[in-house]
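Reader: I should like to learn how the features of a protein model are read, one at a time. Could the discussion proceed from general idea to particular case?

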Amino acid sequence: MKQFSALAFASVLSFSALPSQAALFTNPANLPSKNYDFIVIGAGTAGSVVASRLSEDLTKKVLVIEAGVDDTGNLNVEVPFFAPFALGTAVDWNYTTVPQQGLNGRSITAPRGFVLGGSSAINFLGWTLGSQDYYNKLASITGDSGWGWTSMQRFFKRVSTLVPPTTNPTITPNEIPTSNGNGPLDVNLPNFDLEPDQRVFATAKGLQSSTDANLKRFKYTTDMNGGNAIGFGYNQVTAGGGARTTSATAYLHPALQNRRNIDVVINTRVTRLVKSGQEDLPVFKTVEVATSKGGAKTTFTASKEVILSAGTIGTAQILLLSGIGPQADLGSKTIVNAPQVGKNVREHPLLSLFWNVNSNRTYDDALRDPAVRSAALNEWFATKGGLFSDSPVNVLGFMRLPQSFFTASRPDPASGPNAPNTELIFVDGFVPGATNPLPATGHFMSILCAVVSPTSVGSITLSSSSSDTFTQPNINYNVLSTDFDVQAMLQAMKDAETFVSSKIGGVNQFTKDGYLQSEFGDFASAKTDAQRIAFMRAHADTIHHPVGSARIGSAASGGSDGVVDSRLRVRGVKGLRVVDASVLPIIPEAHTAAAVFTVAERASDLIKQDNGISSGSPTHSPTPPAHSPLPPPPLNQHNGHGDHGGW
């Protein structure tokens, strides 16, 4: 999503981390051993899950190496509303892309989490799993039924528990989704009702019964994670008790607090994987690290496996720096010719549209006025409620493109009929960005349009100066490089306008009380398709969901078009596995966090199976839960549940 680049909450967001817990190290020289059973590279969304699950066997020693910082005590991570303000700070890798031809040559930011919890600590908290069609297509591509919807359900339910909002009396019992399970990651519906919410629901409920096929595409849903991902509804978010939950708060910190067989070192970058032996294939079980560019190098060795969970950008970079990649690019530095490393990168393009509204309830004043901001933060500290207990997004909608959109030369790239092509995200305020600074006055509603089944393909490559992970690689998302993506975004813009201008029973929900006034900014003057495409190229960004740089190979190719096999083992080597978003051969038509958590849960079982470790029946916490899962009594009668320490 867009970066709030014009904002700085430095006075309240620069809290120092609390003292490190036992087994959390800040210097690799202080680690008690150079040898472990498993080494996990990256304590992000996937890595924290894998490390926690592997450490359930107390006879196995696990080392987690994280380049970034501790998450403890960082309000940018902990306060749900502050999600945008984490971007561009010390908890972000602060990557930028190469100039994007489809964006008029603009370079854009590529935020990734540089902190325990990874991007689950800096994302916008969205919890959307994707459709049953997506997972069934994964199974079809890989030839592995274990990636199918039915098989993956147990792993999804192992991740999350739906907990009550702190307070939101507008939510009724029949709006409670049922797709979550009993896992360590808290998920909740919005804690605070915002002005667009009920307008969106009333409009979607009215349009879904229309006789017009185009309008029927705007349908209402209570659960986007139940197999059919189409519909407008509440945004489930990774939070509980008014605070963000992450892979670190849900998985890694509990493991550190309750087990002695897991060590975590932060502020430490993996510079490369070192070939540690030769059997029938090269063996990569040694990891080289450093704490500064040009600094001293230290190595650690795994007796069983190294699990690379550095994300779509980091994983590709580390593989390439280790000599595992396309020989055509690496030349004499090639150890293993792996042509697909860094290829097949997919990302969701995003475009913000703005409307003036007649309201003083939007969050715009909280962005501009320190007094309003201070009052909201004090309310959050006192009650974990109010505006700051919410993520910036309460409601969103996933849609199919009109059937007439698809042609023989422009086929549908989505996974199936239950998978969307586009998304509309409703925001109760202005969403500032690099090309859209926050206006000094006014109140706004934003609709963010995303193409979630894009066909543009990008890459991660080493720059000429990229000799280690202290220099970023070339990140090319190739945004809006295909006619499909441009035309799909154009349709999404038209759909946003259609939605807010539709009447239900003769009444427009957005204008009936004078709320919605007029389009704002460059969008207001972009009337023709050509003008809108120009607007798109001038203002589009991405939603920060890169996948695919180390994809699972297809069964049809015998795996040769991939980097890893269906069990996520790196092809052509031994001792090395990849577990993160980079392995996904197709991009989820959803916000990607839930899919990555679920992949990590299955991967943990695969690693245990391949190393003769019993999977058992993992529970969601080493200690009893402090809350009970939903469904509770009607949601307007509950008192919420206790805060987690620490999106």
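**Reading the features of the model**

Author: Helix 5 is followed by G143, whose phi is positive, near 70°. The model under discussion is a predicted one.

Reader: Which residues of helix 5 are buried?

Author: The general idea concerns periodicity. An α-helix has 3.6 residues a turn, so residues three or four places apart point the same way. In helix 5, which covers residues 132-142, the buried set consists of D133, Y134, Y135, L138, A139 and T142.

Reader: Against what do the buried residues of helix 5 pack?

Author: They pack against helix 6 (149-159) and helix 16. At the start of helix 5, a side-chain oxygen of S131 comes to within 3.2 Å of the backbone nitrogen of D133.

Reader: Let us turn to annotated positions. Which residues does UniProt list for "active site"?

Author: An annotation is to be read together with its source. The unreviewed UniProt entry lists H545 and H591 for "active site". These residues span 47 residues in sequence, yet no two of their C-alpha atoms are more than 7.0 Å apart, so they gather at one spot.

Reader: Where does H545 lie, and is H545 buried or exposed?

Author: One reads the secondary structure for the place and the relative accessible area for the burial. H545 belongs to the loop between strand 26 (541-542) and strand 27 (576-578). Its relative accessible area is 8%, and because the limit for burial is under 20%, H545 counts as buried. Leaving aside neighbours within four places in sequence, H545 is in contact with R346, E347, H348, I587, A590, H591 and T592.

Reader: What is the corresponding description of H591?

Author: H591 is found in the loop between strand 27 and helix 16 (593-610). H591 is buried, with a relative accessible area of 9%. Not counting residues up to four places away in sequence, H591 touches G126, T128, L396, F398, E423, I425, I543 and H545. With E423 there is also a polar contact of 2.7 Å, which joins the side chains of the two residues.

Reader: S549 interests me as well. Where is S549 placed, and is S549 buried or exposed?

Author: S549 is in the loop between strand 26 and strand 27. It is buried, with a relative accessible area of 0%. A polar atom of the S549 side chain lies 2.6 Å from the backbone oxygen of T312. Apart from residues up to four places away in sequence, S549 touches T312, A316, Q340, V341, G342, K343, V345, I460, V563 and S582.

Reader: How is a residue of intermediate accessibility read, and what is the relative accessibility of N267?

Author: N267 counts as partly exposed because its relative accessibility is 30%, and the partly exposed class lies between under 20% and over 50%. N267 lies in the loop between strand 11 (262-265) and strand 12 (269-274). N267 and N27 are 240 residues apart in sequence and 7.1 Å apart in space, C-alpha to C-alpha. Not counting residues up to four places away in sequence, N267 touches T26, E66, A67, G68, V69 and T291.

Reader: Empty space must also be read. What is the volume of the second largest pocket, and which residues are the closest to its centre?

Author: For such a space one asks for the volume, the lining and the classes of the lining residues. The second largest pocket has a volume of about 270 Å³. Of the 14 residues that line this pocket, L321, L330, K333, L462 and S466 are the closest to its centre. Helix 9 (311-321) and helix 10 (327-330) each supply at least two residues of the lining. By class, the lining of the pocket divides into four nonpolar, eight polar and two charged residues.

Reader: Which residues line the second largest cavity?

Author: The lining of the second largest cavity consists of W127, T128, T221, T222, D223, M224, N225, G233, Y234, N235 and Q236. About 50 Å³ of space lies in this cavity. Its lining has three nonpolar, seven polar and one charged residues.

Reader: Finally, which residues does UniProt list for the C-terminal domain?

Author: For "domain: Glucose-methanol-choline oxidoreductase C-terminal", the unreviewed UniProt entry lists residues 454-600. Over residues 454-600 the chain is 29% helix and 11% strand, with the end C-alpha atoms 24 Å apart.

Note on methods. Residues numbered from 1 in each chain as written. Predicted model: local features only at pLDDT ≥ 70, side-chain atom pairs only at ≥ 80, totals over all residues. Heavy atoms only, no water. UniProt positions renumbered as here; feature names shortened; annotations may be inferred. Helix = DSSP H or I, 4+ residues; strand = E, 2+ residues; numbered from the N terminus. Buried < 20%, exposed > 50% of the residue type's maximum accessible area, 1.4 Å probe, protein only. Contact = heavy atoms within 4.5 Å. Polar contact = N/O pair within 3.5 Å; in protein donor to acceptor, adjacent residues only side chain to side chain. 1 Å grid on protein atoms, 1.4 Å probe; cavity = no way out; pocket = protein on both sides within 12 Å on 5 of 7 lines; lining within 4 Å. Points joined across faces, edges and corners; volume = space filled by probe spheres on them. Nonpolar A, V, L, I, M, F, W, Y, C, P; charged D, E, K, R; others polar.
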